[in-house]
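Biologist: I'd love some help reading a few features here. Could we take them one at a time?

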Amino acid sequence: MDKISFVLPTLNAQLQLDKCLKSIRNQNYPQNKIEIIISDGGSVDNTLKIAKKYKCILVENKLKTAEAGKAVGIKKVTGKFIALIDSDNILPDKDWIKEMLTPFKKPIIQLSEPWSFTYRKNSGFIERYSSLIGANDPYAFVCGIYDRFSTLTNNWTSLDINQKDCKNYISIKLKHKKLIPTIGANGTIYRQSFLEKLNIDKYLFDIDLIQQYLNKNQYLYIAKVKTGIIHTFCESSIKKFIRKQNRRLVDFYYYKKVRKFNWSKSNYTCIPKFIIYTLLVFPSFFDSLKGFTKKPDMAWFFHPLACFLSLFTYGLVTIKYKLNLLKPIDRTIWKQ
């Protein structure tokens, strides 16, 4: 069995980290073949204490952001495979690693990703909502660039992508100059040799890795494994949802110059579509009703509000950016 290195960026993550690390250590996989690297941005809670409890390797993340933490962490790995997960991820079953590594028996596969967010009926309504639509951001769902299985569409993306069902996973062929879904985070496993080729510097933006590779190559083969990953995300906190949506776009604008993925290509049509979809209300409410008929759960009806909150937050951040009033997120007070 090949060695696998988990890279987790943390910053005051004590509320989620224990469950995350426990799910890794409980895997039906030799523990001497599992390496956990914690890239910490200066936690002042019990994050480091929890990390030591699970025998993690600690590295300092001076730039504090999750993307910087991933970049620092992968430089310390010794495994043949690298799993990028966040502190609010939990592996859903004890055979997760084995299932996720299966597609790599084919040398052409460079990375594997769970095809869904695991649905838990007793979890927070925002967590359930995200797993039902197949995205953490309603913008990605409405625009069709989401990358997890959606109960509403019965697919893991709405983009026209070359794919082949291989029973336990779907083999995906991404093409140069074609729009790609938001792959690369929350449980994605990469070949270490694949990441080595990309010359990662101070930051590792998930989807940028894919774009960076496709800028130089005609095709990229990945696997969507028919398993899930638990992403507690915002649980039931609307306040946390707004805070994370705000961080998402502030970081996008602040680090825009170092990004590789050409968001303008998708945003050209996606932004007007999302604005109309949200302001008309009926489309989002209709999707909520449609989803409810497929899998009854009141969490579906968070969708219209999630769209509106995202539109308002993204709009406000964009206005600040245009007026040169936007400031970076203060990570000294950040917590998961």
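Biologist: How much space lies in the second largest pocket?

Modeller: Happy to help, and keep in mind that this is a predicted model. Rolling a probe the size of a water molecule over the atoms shows where empty space is left. Here, the second largest pocket holds about 210 Å³ of space.

Biologist: Which residues lie nearest the centre of that pocket?

Modeller: Ile200, Asp201, Tyr203, Val258 and Lys260 do, out of 13 lining residues. By class, the lining has 7 nonpolar, 4 charged and 2 polar residues.

Biologist: Let's turn to strands. Why is strand E6 largely enclosed by the rest of the structure?

Modeller: In general, side chains in a regular strand alternate between the two faces of the sheet. In this case, strand E6 covers residues 111–117, and 6 of its 7 residues are buried, so the rest of the structure largely encloses it.

Biologist: Which way does E6 run relative to strand E10, parallel or antiparallel?

Modeller: E6 and E10 (residues 219–231) run parallel, joined by 6 bridges; one pairs Leu111 with Ile222 of E10. With strand E9 (residues 188–191), E6 runs antiparallel through 2 bridges, and Ser112 has Ile189 as its partner there.

Biologist: And Phe81: is that residue buried or exposed?

Modeller: Phe81, in strand E4 (residues 81–84), has 3% relative accessibility, so it counts as buried. Beyond its sequence neighbours up to four places away, Phe81 touches residues including Asp2, Leu101, Phe104 and Ile189. Asp2 is 79 residues from Phe81 in sequence, yet their C-alpha atoms are 7.7 Å apart.

How values were computed. Residues numbered from 1 in each chain as written. Predicted model: local features only at pLDDT ≥ 70, side-chain atom pairs only at ≥ 80, totals over all residues. Heavy atoms only, no water. Buried < 20%, exposed > 50% of the residue type's maximum accessible area, 1.4 Å probe, protein only. Helix = DSSP H or I, 4+ residues; strand = E, 2+ residues; numbered from the N terminus. Pairing = 2+ DSSP bridges. Contact = heavy atoms within 4.5 Å. 1 Å grid on protein atoms, 1.4 Å probe; cavity = no way out; pocket = protein on both sides within 12 Å on 5 of 7 lines; lining within 4 Å. Points joined across faces, edges and corners; volume = space filled by probe spheres on them. Nonpolar A, V, L, I, M, F, W, Y, C, P; charged D, E, K, R; others polar.
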